[in-house]
Every structure is written in structure tokens, then in C-alpha cells.
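Dear colleague,

I am handing over the structure below, together with some notes for a reader who has not met it before. Please keep it open while you go through them.

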Amino acid sequence: MTTGEGTPFLFQPDPPRRRRERKAAEAAAAAAAAEAGVAPVKAPGAAPVDAPATAPDATVDAAPGTAPAKPAKAAKPSKASASKPAEGGTHSPMMQQFYKAKKEAGDALLMFRMGDFYELFHEDAKIASRVLGIALTSRSKGEGAIPMAGVPAKAYENYVQQLIRAGLRVAICDQVEDPKTAKGIVDRQLTRIVTAGTVFEDDLLQRGTSNWLAAVAPVGERCGLAWVDVSTGDFRVTDVATARIADEISRLDPAEILLPESLLDRTEAEGELVQALRRVTPAPLVAGPEWTFDGGNAHELLCEQLGVRSLQGYGLEDRGAHVAAAGAVLAYVRTTQRGSALPVSELRRHDPEARAQLDRATRSCLEVLATQRDGRREGSLLSVVDATLTAMGARLLREWLVQPLVDVDRITARQSAVAELAGNAAARADLRAPLSDLPDLERIATRLLAGRAGPRDLASLRTALGAAPAIKATLSACDSVPLAAAGEYIQPLPELHELLQRGLAERPAPTLGDGGLIAPGWNAELDRLRTLKEDATEAIARFQRSEIERTGIDGLKVGFNKVFGYFVEISHAQARGIELPDDYMRKQTLTSAERYITAELKELETSILTADERGKALEAELFIELRDRAAADGEGLRGLARALARVDVLAGFAEIAASRDWVRPTVDDSDELVLLDGRHPVLEAVLAPGELVPNDARLSAKEARLVLITGPNMAGKSTYLRQVALLVLLAQVGSFVPAASAHVGVVDRIFTRLGSTDDLAAGVSTFMVEMTETAAILNNATDRSLVILDEVGRGTSTWDGLSLAWALCEYLYKKIACRTLFATHYHELVDLAEEFEAVRNVNVAVKEWGDDVVFMHKIVPGGTDRSYGLHVARLAGVPREVIERAQRILSDLEQRSPDLKPGPQEAPAGATGPEPTASPLFPRPGAAVLDEITALDPDCVAPMEALVLLRRFHRLLGGNTGQNEDDGVGDGDGEVDGAGNDAAEGTAAS
């Protein structure tokens, strides 16, 4: 058994063309056979007819938990057959059903319905026992024992959920006929395969997260990508560069991914695409048949599903890789649903260029959906901006946050809706009150269309339809385009609401077989049967009183059990000397009493029991009629749900803006980025009022294209960087932002490189990860991008790191010309502001009090040349001896270190200029000495001054004269004699 990693389809249906040819051949064979008067021959691939058992099992369909009887003269199975599924042979008809279903189920665990339980056999039972923690028993004994484990049918979904979360697939084999009316063995069929990406049930899904099933179809340098949420019917398709497919998959975070089987069936090492996907997602990779990825087959399958003759109306004119991916997704869903109605009726083409791109590293660094350290929702941006009240609104918000808009008109339209509701508390309350009571209407509508909606779904739908008129009325009074349009789109469906009000019970039972689904007065026959059932207790009491009077036995009782039904019970002591009526027929003898049955009691029993059964059956029929009627409005209900989701997100943004004093940013197509008194949205939510220090940010192509941020550790540089990026993201989502004012020129992508991490599984070091992410920025950023970098180059030697950081800044400034924030401890970089017009230096302010330093967390103009690293180390608890030694080493290094600048003859990285020379970018001390000697005029240097210079040059080059390190003359500390001794001290320094 596998967990879905690279496993093939569970069963592989014929391609559409082959299926049509097979059906035509079957029809022709049937017609010829009818003319000849003979039975037609089954076409290849048709379902086999069950073979009769050579030794029928006496316990076919016995209740789970009962001991099975011995097979009549059955041959003993071998040890191999006891552990491996096999067809035919000496197995009972029921086990033959199991083996047939297991063959269809493939690698999925088969849950086989037996009475009130779903049973698993062989290896499936062992796996289920281990994962679910249930008892492992056996069917039969001895060498022929078959491992078996079971779960109650009424609670099977809880167990399926655990198996799916463990990375397994589950095949459901149901009883498809009533055991009470079945002649012989109950017919069972494989009705569904439950996989991580094809789940419908709420219990198996996360409330506010989409459950995507994705397919990737690579063609050359492009990849077709399709994804569908079976629980909502949302089906989308696009094509992207192969280099970007991992980022798109990471954004979607799918539950399951389909790939052509040729990519996963390789015996040699996996290809780069598969490796890239495995690095960015834990989702199982499933091998799909090659024919499902064929453009022609996919086109035909999609047209059939969507009920169209062409895909041009969906913007899919050709049969490229994106169509192939969509076809593969649809084929897989059809396969797992085993012929059930598919809730997919539309296909949307996704345009990545209409959204600001956030790659995986950026989403992780900014903690958009989850924290970077432990992956929790709490502490992320989503956690503090999610004021939605519905499940469909929560899903839409997640989608908006990872796909900010780039179209200014669409952004301002959302802003206008937020502004209107933020400024109108009454309208906002009138919307949010009914929204808070809404169920997940989108998933309910999808289950309706799939024929899977239960009684509680219809009750929730009734609630939603009851709230729709009030929401529509509030929206109709709004002026902003998004809200007014939503008001027009929302159709309350009053006829359906009235139907559910009158027909559905106020609190229906959870399942069809439990009864209590239909409201009183809806159906006269149901009311009659219910009355008969409710009067049963009184009818039995009347019968008991009459029998006591007829027999004269005061202790006579009428009882009931499931085996014998109703009976009259008379103790032996009471029966002494009394002659019972002739119509009393002995039913059962007990130790202390006798039980009897009469024709009248039997007739009463039949009417009571059949009334209950007929009533439940009739209720199920009436409920299905109601469900079918509601399903007729299924598409309208899905549209209603999506309109309500948009309203929910916008109203949530308005609630946050009003309660937290957020402002509407100005958003346009300029290159300006000005944030005054900006606040980090997450820290603002978790810190006490007044603790968060607001900061400004100013970026523009002409005045401040590159802003260098220096300052001490722990002072808030990384917080400031994230703050700027998050406010830009929120502005382009359409939300208000935490600031005094904001002006955001739209960015096409946000790139971040913050923090340090490694990838041990891929054998990649921290610095390699840093350089890989930096390379992705340099190769993909445009002049409309926002780039946020923190401490790039610190993972290697000082010289290497400083060189990389300097060249990187030059390249971003000259070649890409994007807006960049660059935080660094390489203080030498502040000199870039002297060379480039639009480079600005800022630093994080500190206050020094003796040996203590107070971090002000305030960004101020200018650069700094101190990082206070030793102070932070002391705060962290590093031993005093280490700190003191580090201070001495630092002092010595600062005296030895020359002024570092690139050679003036070098052209900046990314700029057009002369070919680079062989001279070093950052001169070593020897080069600094040579520069100084070159600048000297020998005719103007006195002998004593020449001696002093010689000693200083010797010291800079690392020499050791054994004399005082202080040359004295240059610093005016004292006179120096010709031997180089310090005349003032009279001693030689070591």
C-alpha cells in the first residue's frame, strides 16, 4: 500500500473516443444477437458476471462481530491466499464481491459495507488498524484467517478523515439494494473513491481554505496548470513558464497534484519539475494516464462536461497544455466519483499578469498566511485582517491576499466599497449581522448539484435564503459599484425558501434513514403513518388492558424485542390453575415465564412496525424531491454564495478600518511610495497601545529609488522592511492601511529576501538559499517591482559579502531601476549615496547611556557606522569574558581596517561602461598604501616625516617592528627620535 506518492489512477476509464466506439460495438452486437435469438457476448472490458461459489458461506451478510459459520467442505486456502486478495476460487459470494471491488479500487483502502459496519480486509485492515487505532480481528480461523477491521457506518466519515490526513485514499463499496428485499446476496458496488483532492464533506474539509486538486501538463518551457475545488465547483486554468510552476503550486497549496505518468514512472532519478514540486508542497503526486493529458481528448471531455461545442467562450481557443491539464483534472474527478453528477459547470481562465506576483519566499518572509517559524495562522497577516463571518468569505480573503491586484480601477472600486461601509456604521452592522448566521452556502450548493446534500444542508440553505432579502435591501441602498452590483446579483429565491419552510422539518435529523425530515402537514400519507406510530404506545396499552380483563391475570404484560416482536408474557406462578384463551400460541419459554402471541397482537405489531418503516421510506422520498427541487437552483445559489463572499470580505475590511483607525491609501500608476507614520499591521494588533513606533517610508524612481537602512541589531530594521511590504500588499488588495497617510504607486511584484534558512533535504546551505532567492529577484524584477532585502551577503566572508552587496545594489539601481529597501550592516555601502543621485541613507536611531544602549525603533535620515552587536550579545547572555575579548579584537580590527571603496575606474554593476579591469573592487591594505605613495610628492617630504610614513606603511602592511604601535608624530602625542622610540615615555611598546 502506498500513500499516493507517484501512484497511478485508481482505475483508468477508456478515452472518450474509445468509449464511444465500444458502446457502438456493444449496440451492434446486441442488435445482431436479438435478430439471431441468442444472448449477446460481453464486450472486452465489460464488468464480469459474478461466478457462483463452490462452497457458499453460511454467514453471508452476517452482522459484524458475530462468529462466522464454517464453510461447507471448503478447501483450505493457502497462506498466500490468506494474505492476498484473489478472485473466484472457494471464496463466498460476498468475498468475491470484495475482491472484485478491491481490484477496481487499486491502491485505495477498500471500506466494504456489511450491515451497520464498513469492513476492511487483508493489508487494508492492517493499515487501517494502525492508523485509526482500531482492533484488528479476523474473518474465519486457522490458516484461512483473513485480517479484518471495521468502523461503524454512521461514523465512517470521521475515520475516512483520519485516513485521508495520513496520505491514504479510501474506496467506498456500498450496499446498493435494500437487504430486506434482496434475493440472495446483497448487491454491492464501488460508489466512490475519496482522495485528498476530491472531498465533498464538511467534516473532511477546512472551513476557510479551498481544497484544490491541481494538474500540471509540461510542454517545453511552459506548463499547463489547472485546478478545481470539487467542494465548490471552482475550476480554473492557466499556463505559466516552467520556471514559475513551483511558485504557482505553492500559492495554490493544493491537496493533490496530477502529473503525466511518464514523469513519475521513471526508474532513474526524478526530473527537475518533479523535484521542484516536491520541495514546495507536501501534496501527493498522482500519476495520470497519458491519454487524459492529450489535448484532443481533453478538449472533447471539457466540451461534454460544460455542455458546449467549443471552448472559445472560455478563452481557450487552442488545445494547448492548459487544456490538457484541465482535461486531466476532469477525468480524475469523474473517475473518483464513479458516475455521480459532477458539480462543475464553468471554467475560468486565470491571468497571472492581472495580479501582483508574490513568490514562495516572499509569502513566507512576509508571513502572509502563516508564520515563518512554525507555520501557524496566529501571528500572520491573515490572522489580523480576517474579519470575515462566512466560510466562503474566509476562502476569498486568502485568495486576495496572495494575489494583490495591479489594475488601479479595480483597486479603487474595492476601496470605495470599504470607504462607504467604514463611514456608515449602521449599514455595516445591517450587513454583518445576517452574514454571521450564514452557512457555507457555496459548498452546500455544490453538494446539491452533486446529489450529496443532506437534511442539515437543506436546513442551512433555508437559513441563508431567509437572510438574503435583508442583505439585498442594505446593498441596494449603497452607492459604491461593488456593493450595488452585489445587491443586484443577490436573488433571495423566495419560492425555494417558502418550499423549504413548509416542507422541511424545523430541525431535521442528520441522515435520511433517521426520519424526522419532513414538516407536519406536508404530506397526508406521512401524517397518517406518523399518527399510527405515535399511537402505538396507547394501542399496546389498550390491548394489554383488554387481555388482563379477558384472562383475569393482573400481572399479564405485553413486551417487545427485536427477535420475536410483540408478545404476551405470563409468569408460571400467575398461570397456575388458569385456562388461557384458545388463540394464545406459545412463542417462547423462559425460566420463570411463558411468552405468547395472538393473531390480534400480530396484526397490531405489523401495523405499528410497518408504519415506522413506511414512514421513514416515504420521508426519504419526499426529502429527495425537495433536494432535487433545490438543486434546480444550484447554479444560482453558487452565484449568490460568491456575491456574499465578496460582500463579507469588503465589510470585514471596513470593520477593521473603522475599529483600528486605518486610512484609505492613494493608489495610482506612479512610481511613488510614501507612507507617513506607517504601522506594522500584525504588531499593532498584538502590542499594547502606544508600544508600536510608527515610521515613514519614501521611495520613488527619481529621488529615492534605493534606500539603504543601517543601524544596530534588534533595533527594528527587519520589522520596518516587512511593514513597508505589507502595507503595499494591503493597499493593492483594496484594504485600508495602518498609517497617517499613504500613497502607493502600483507594483507588479513584491520580492523579499529576509532571514536565513537552509534546505537540508536538498543539500543546500543557508548561503546557497540566500543566493538562489537573490538570483530569482535579479532575474525577474522589473522597474515596477518592490524589492525588500535584508543582510544579503552576510553568509560568507566579509570581503565576499561586501562585494556582493555592493554590486547587487548597483545592479538594482542601474539595471533594474526598481524601488528597493536594502538593510545592511556593511556600513561601507552608505557611500553609494555619494555616487548615485537617487540613493538615500536612513538608520535606526539609538540613545547611548554610558555602557547601555536604548533602541528607539525610529527610522531617521542618514547612515551609521555602528551595529552594537556586542551590546546585543551581552543582552543575550554571552559570558562577560567573551564580550571583553571581543571588544579588544574589535578595537584592533577597526584600527587596521582601511577605508573600503570600489576602485574609481570600475563601472557600476548593470551600467554600460568599460570592461572591468583586473584590479580588485575593494583594495587590500597594500593597495591603499600604494595609492597613498602614488599621491605623495617626494620632493616635499622631509626626512623625519618620511621615516614616520615608512613606519606607518609598515604597520598597515602587517609588519612588526617591535616598537610602539603609535607613531607619535602624526598624532601629536610626543616627539619621536630617529630610532623610532617614544621620547615621552622612554620605553619601547610591544
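A residue is called buried here when its relative accessible area is under 20%, and exposed when that area is over 50%. By this measure, 47% of the 990 residues of the protein count as buried. Please bear in mind that this is a predicted model, in which there are 33 helices and 28 strands. Among contacts between residues at least 6 apart in sequence, 68% join residues at least 24 apart.

I begin with the sheets. One open sheet is made of 6 strands in the order S4-S5-S3-S2-S6-S7, and its pairing is mixed. Strand S4 (137–139) and strand S7 (188–194) stand at the edges with a single partner strand each, so one side of each has no neighbour in the sheet. On average, and with direction ignored, neighbouring strands of this sheet are turned by 35 degrees against each other. Within the sheet, strand S2 (residues 109–114) and strand S3 (residues 117–121) pair in the antiparallel sense over 3 bridges, and phenylalanine 112 has glutamate 119 in S3 as its bridge partner.

Further along the chain, strand S20 (residues 673–678) pairs with S21 in the antiparallel sense, over 4 bridges, and leucine 673 stands opposite leucine 699 in S21. The side chains along strand S21 (residues 695–699) alternate, in that Asn695, Ala697 and Leu699 point to one face and are buried, whereas Asp696 and Arg698 point to the other and are not.

Turning to the helices, why can helix H6 (residues 245–252) be described as largely enclosed by the rest of the structure? The reason is that 7 of its 8 residues are buried, namely Ile245, Ala246, Glu248, Ile249, Ser250, Arg251 and Leu252. Aspartate 253, which follows H6, has a positive phi, near 50 degrees.

A helix pair also deserves a look. Helix H20 (residues 524–534) and helix H23 (residues 599–631) pack with their axes 9 Å apart and at an angle of about 145 degrees, and H20 passes H23 in a left-handed crossing. On the side of H20, the residues that meet H23 are Glu525, Leu526, Arg528, Leu529, Arg530, Leu532 and Lys533, while H23 brings Ser607, Ala611, Asp612, Arg614, Gly615, Leu618, Glu619 and Leu622 to the contact. By kind, the residues of this contact between H20 and H23 divide into 6 nonpolar, 2 polar and 7 charged.

Among the loops, the one between helix H17 (455–476) and helix H18 (481–489) holds serine 480. Is serine 480 buried or exposed? Its relative accessible area is 7%, and therefore serine 480 is buried. When residues up to four places away in sequence are not counted, serine 480 touches Ser416, Ala417 and Glu420.

Last come the cysteines. If a disulfide is taken as a pair of cysteine sulfur atoms within 2.5 Å, the count comes to 0 disulfides. Cysteine 365 has a relative accessible area of 3% and is therefore buried, and cysteine 478, at 8% relative accessibility, counts as buried because that value is under 20%.

With best regards

How values were computed. Residues numbered from 1 in each chain as written. Predicted model: local features only at pLDDT ≥ 70, side-chain atom pairs only at ≥ 80, totals over all residues. Heavy atoms only, no water. Buried < 20%, exposed > 50% of the residue type's maximum accessible area, 1.4 Å probe, protein only. Axes fitted to C-alpha atoms, helices over the stretch in contact; angles between N-to-C directions. Helix = DSSP H or I, 4+ residues; strand = E, 2+ residues; numbered from the N terminus. Left-handed = near helix turned anticlockwise from the far one by under 90°. Contact = heavy atoms within 4.5 Å. Nonpolar A, V, L, I, M, F, W, Y, C, P; charged D, E, K, R; others polar. Pairing = 2+ DSSP bridges.
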